[in-house]
Amino acid sequence: MYNTGLTWRRCLVYLVLVVLAVVFMVPLAVVVLNSMRTVADISQTSMIGWPREWAPGNFAVAWSHYCIAQTCEGIRPYMWNSMAITLPATILSTLLGAVAGYAISLWRFRGDTWIFGLVTLGVFLPEQMKLIPWVLVLRDLGLINTLTGLVVIHVVQGMSFTTLFCRNYYVAIPLDLIKAARIDGAGFFRTFGRIVLPLSPPILIVTVIWQFTGIWNEFLYGVTFVTGTQQPVTAALISLSATVAEVPQYGVQSAAVLVAAAPTLLIYLFGGRWFVRGLTAGAVK
Amino acid sequence: MTGLPGYVALRRVPELVVIWGPLLLSAGHVVVFTLWTTWISFTPSTLLPEYGWVGLRNYQAILATQNWKIAFNNLLIYGSGFVLLSMALGMLLAVLLDQRIRGENVLRTIFLYPLAVSFVVTGTVWSWLLNPGLGVEKLVHDMGWSGFRFDWVVDRDMAIWTVVLAGAWQASGFAMALFLAGLRSIEPDLIKAAQIDGAGPWRMYLRVLLPTLWPIMIAVVAILLQFAIKTFDLVRALTGGGPGISTMLPSLVVYDFMFQRGQLGRGSAAAVLMLLTLLAVLAPYGVWKRWQRRQAARV
């Protein structure tokens, strides 16, 4: 069935693929081009078009001067918020998930399948079911409207994903390896450090990429638990496009959108292989 | 492997804390928070939680609102449209990419990149493209075709379909990746046998290859459906639920009642209804999955 000659059928296959690829690229291309166009240019023609004159200043304005809600500091503070939430939450949830996955799959204890079942249910539970309890818990902890509060939420919730990923990877490690280490007198942590961790880089990379992407892109928690200049960049983007100016600043807004999407896009471009691996591993199991 | 012994030696305390602490926190918050919100849904809570008992009153009130009716109806349209379109596009892409294509990696990267971007970003960009005075319609007008109309996003009856479009644009790469992985894992013997029987490429896919993919298809349907039920950011950024309330979804109704109207009891009732919808999708999937595993164990 694989005919590699150049027949009309193969031409058609390539044609359809290229047309679809162009359609898929349109939104990205539009944002990239508009981030370098002037307001006059966009409002005279449309969002879709080649820049007639270049407006390289859009990025500087979007980064540090543009007014979002009442503050005119651009998206810079929100980008830092997102970083300050995403980095610690990604690292912590991955580490805890790795240890938990290891305990569940290789160390076994009474009730482990039950606990694992409950943890993975967290993957499916809608965020809406957790909003009010989180508000009350964060208030009691004094963490409402703080970035630390969002880190706590993302670590606790993220553990569902990271434990699932790591556990599914670790079950393939032969139990004899662990038994041998135990007979040699290695305890829980030493077995983890000596045997499991050296085997873990593939799954840890997948998990880190997925956690980073998921937390960076999260919106509902960011808009519910923190306000104003404490919000992550996804929440800022919504207020930014809702900001009513005399003349809508589509060029600057495109630049802001591009900057906000850049971290996860870059990770995807350079770690695409791992991204897809996580996709198929997480989805099928 | 034996379980932990009944006694706890002092030197094992740190490992127990490290294993059990985070695990109990993670598993516990799922259980406790679910029960907590369910409880609030039976109370007269408004701006603050109050722990009285009103029975099913919040549920009756929510189910009677126009918002919920429209939202649920929209979920049916969006859920089926989004799943069908994503699956169809994903399957088309997977079959085409399976033809020993030059540049497969580049094409795959292009079809999958929307998944790495947040819904807020995609929703915002699609709202620009679909805006009649700004996007595609304006472009076609400027090219001289002034009768062209593409104003779904401001049309009450059609606006939900823009959510379908943007959602499918984001998710068909996901379906493609899973279908492609499925196609690549089919036994070469099966393909050879079909070739010897003289099956052409069309019949090969329809009769031989696609039928082996159905377990993956069911998994993709389940994942996409739960994805559709949870959709929130995309609508927030694309239409904001409008025009009017014509693109409301259950997730937006929950947020609206909880944090904009300050009716925690009713908002929680809506959240529980959302969870029940999700269970209606996932429970059959779980049962099927278990049945399939048992079949596999028997063979």
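These are my notebook entries on one glycine and on the meeting of two chains in a predicted model.

**Entry 1: Gly158(A)**

I started with Gly158(A), which sits in helix α7 of chain A, a helix that covers residues 147–170. Is Gly158(A) buried or exposed? I get 25 other C-beta atoms within 10 Å, and the cut-off for buried is 20 or more, so Gly158(A) counts as buried.

Next I looked up its partners, skipping neighbours within four places in sequence. Gly158(A) is in contact with Ala89(A) and Ser93(A), and also with Gln211(A) and Ile215(A). I checked one more glycine, Gly97(A): its C-alpha atom is 8.2 Å from that of Gly158(A), with the two positions 61 residues apart along the chain.

**Entry 2: chain A against chain B**

How many residues does each chain put into the contact? I noted 69 from chain A and 76 from chain B. On the chain A side, helix α13 (residues 250–284) gives the largest share, 13 residues. By class, that side of chain A has 50 nonpolar residues, 16 polar and three charged.

**Entry 3: α4(A) on α1(B)**

I then picked out one helix pair across the two chains: α4 of chain A (residues 76–107) and α1 of chain B (residues 13–40). Their axes lie 9 Å apart and the packing angle is about 110°. Angles of 65 to 115 degrees count as roughly perpendicular, so I logged α4(A) and α1(B) that way.

Which residues meet here? From α4(A) I listed Leu96(A), Val99(A), Ala100(A) and Ala103(A); from α1(B), Val18(B), Ile19(B), Pro22(B) and Leu23(B). The class tally for this helix contact is eight nonpolar, no polar and no charged.

Terms used. Residues numbered from 1 in each chain as written. Chains lettered and ligands numbered in written order. Predicted model: local features only at pLDDT ≥ 70, side-chain atom pairs only at ≥ 80, totals over all residues. Helix = DSSP H or I, 4+ residues; strand = E, 2+ residues; numbered from the N terminus. Buried ≥ 20, exposed ≤ 12 C-beta atoms within 10 Å, placed from the backbone. Contact = placed C-beta atoms within 7 Å. Nonpolar A, V, L, I, M, F, W, Y, C, P; charged D, E, K, R; others polar. Axes fitted to C-alpha atoms, helices over the stretch in contact; angles between N-to-C directions. Parallel < 35°, antiparallel > 145°, perpendicular 65-115°, else oblique.
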